[in-house]
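Welcome! Let us take a walk through this model together, one region at a time.

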Amino acid sequence: MRVVLAYSGGLDTSAILALLRERGYEVVTVTVSVGQEEELQEVEERAYRLGAVEHYTIDATREFVENYVSMAVKANALYEGRYPLGTALARPLIAEKVAMVARKVGADAVAHGCTAKGNDQVRFDTVLRYYLGDDFKIIAPVRELRLTRAEAAEILSRHGVDVGVHKKYSIDENIWSRSIEGGVLDDPWAEPPEDAFAWTVAPEKAPDQPLYLEIGFENGVPVSLNGERMDLVKLVSVLNRLVGSHGYGRIDHVENRVVGLKSREVYEAPAALTLIEAHRDLEKMVYTPRELRFKQLLDTLWTDLVYQGLWVEPLRDTLEKAIDNLNRWVTGRVRVKIYKGGLMVVGRESPFSGYSRGLIDYNEGWYPSDEEARGFITIWSLHSLAAARARGLRG
């Protein structure tokens with residue numbers, strides 16, 4: 001039986017590879033790079049050492065950024081207002097690449113390392129079923145056997161392999177975010193220790209001088225930094241480094257998982273938080289109030305679908321068409337100030353801005369008359385006043 005395994009090279013998937021080989025399966029491993037800082041050659045060597053008959057390393061970083069991250073920026077994708085969908089956004093692409101290899105090598109099954117408590121099982125299984133069919137066999141040993149980290153380590157010890165069972169945290173990263181789980185972080189009252197972070201410095205240790213950045217957008221997509229045009233992959237990488245060095249980009253919140261659990265989640269996402277905040281501010285310059293409120297609804301729906309593992313939901317495609325259409329006007333520049341772990345938008349401009357200094361100035365330019373103001377207030381409040389009086393409501 002030939003099995004294609006989504007292989008990260010970490011404890012769980014390494015143990016799964018060893019376990020599948022012990023059971024006599026022929027295993028093809030697939031590692032998909034979405035910008036994680038990991039030595040992929042070492043991952044490949046470990047796969048072969050554990051018995052993989054063939055290994056595929058697929059660099060999908062550019063595809064991830066240009067087709068997934070760019071839409072996340074345009075949709076201001078922050079699940080429950082905090083999480084920029086780093087892991088959630090990458091899983092459909094990884095599952096797609098695994099499915100394509102499974103087809104190519106004529107696999108009888110695919111395998112992954114998701115647990116029964118996490119969201120990733122939903123994301124992987126749904127996309128795999130979409131590409132391979134409902135009857136294609138999906139093997140999930142961690143879920144099926146309730147495999148613990150200690151048991152996974154014991155399996156690997158039989159093969160003389162140590163992949164870090166004693167690490168304090170479970171880390172998942174890509175170019176868009178770094179997720180940190182486990183250990184003391186499972187206690188929602190405990191402050192995350194400093195050794196949990198790798199992309200950001202402690203705010204109190206950040207430079208004493210603020211960092212000013214100017215981000216250029218075209219049709220909702222970031223295209224330049226401080227006047228220099230650059231592709232989005234480079235821009236995200238540069239921002240992660242620059243902004244993280246000033247202590248901005250940490251997230252600590254309680255998250256509602258798809259499977260009905262609340263979990264304490266800690267992330268690092270300097271570029272993601274910076275770009276989304278800048279993009280959201282620019283939108284407020286160009287949209288009408290009705291467009292802005294409608295866009296916020298679209299953003300929430302799109303973000304929830306992605307987080308909940310429903311990448312294949314047809315509504316996502318419909319939402320993206322509307323989001324793209326509205327982003328036609330999100331062109332301009334945003335100036336941000338990062339200081340000691342905080343970010344503030346301090347300037348913005350757009351050729352499609354609805355802002356008029358002449359209209360808003362209290363000393364010069366157009367000014368409504370008292371009669372115009374009174375008439376507007378009377379008509380504007382008529383429905384509310386009539387209903388409140390009819391119902392006897394008091395202020």
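Before we look at any strands, one definition helps: two strands count as paired if DSSP finds at least two bridges between them. Keep in mind, too, that this is a predicted model.

With that in hand, start at strand β11 and strand β12 (residues 262-268), which run antiparallel and are joined by seven bridges. Within this pair, H253 stands opposite E265 in β12. Now widen the view to the sheet around them. It is an open sheet of four strands, and reading across it gives the order β6-β7-β12-β11, with antiparallel pairing. The edges are held by β6 (170-173) and β11 (250-256); each has a single partner strand, so one side of each is left without a neighbour in the sheet. From one strand to the next, the twist averages 25°.

Next comes another open sheet, this time of five strands, in the order β10-β9-β8-β13-β14 and again with antiparallel pairing. Here β10 (228-229) and β14 (342-349) stand at the edges, and because each has a single partner strand, one side of each lacks a neighbour in the sheet. Look inside this sheet for strand β8 (residues 211-218) and strand β9 (residues 221-225): they run antiparallel, with four bridges joining them. If you find I215, you can trace its bridge partner in β9, which is L225.

This five-stranded sheet has a helix for company. Helix α9 (residues 270-286) lies across β8, β9, β13 (332-339) and β14, and runs at about 35° to β14. How many of the residues of α9 are buried? The helix is mostly covered, with 14 of its 17 residues buried. Its length can be checked as well: at 1.5 Å a residue, the 17 residues of α9 should span 24 Å, and the end C-alpha atoms are 25 Å apart, which agrees.

Finally, turn to a pair of helices. Helix α4 (residues 86-105) and helix α5 (residues 120-132) pack at an angle of about 35°, and their axes are 9 Å apart. The crossing in which α4 passes α5 is right-handed. Which residues meet here? On the α4 side they include T87, R91, I94, V98 and R103, while those in α5 include D120, F124, V127 and Y131. The residues of this contact divide into 13 nonpolar, one polar and five charged. As you follow the α4 residues along, a general point is useful: an α-helix has 3.6 residues a turn, so residues three or four places apart point the same way.

How values were computed: Residues are numbered from 1 along each chain as its sequence is written. This is a predicted model: local features need pLDDT of at least 70, side-chain atom pairs count only at pLDDT 80 or more; totals for chains, interfaces and linings use all residues. Side-chain values use heavy atoms; hydrogens and water are left out. Axes are lines fitted to C-alpha atoms, for helices over the stretch in contact, and angles run from 0 to 180 degrees between N-to-C directions. Helices (H or I, at least four residues) and strands (E, at least two) are DSSP runs, numbered from the N terminus. A crossing is left-handed if the near helix is turned anticlockwise from the far one by less than a right angle, and right-handed if clockwise. Contact means heavy atoms within 4.5 Å. Ala, Val, Leu, Ile, Met, Phe, Trp, Tyr, Cys and Pro count as nonpolar, Asp, Glu, Lys and Arg as charged, and the others, Gly among them, as polar. The expected span of a helix is 1.5 Å times one less than its number of residues. Buried means under 20% relative accessible area, exposed over 50%, partly exposed in between (1.4 Å probe, protein chains only).
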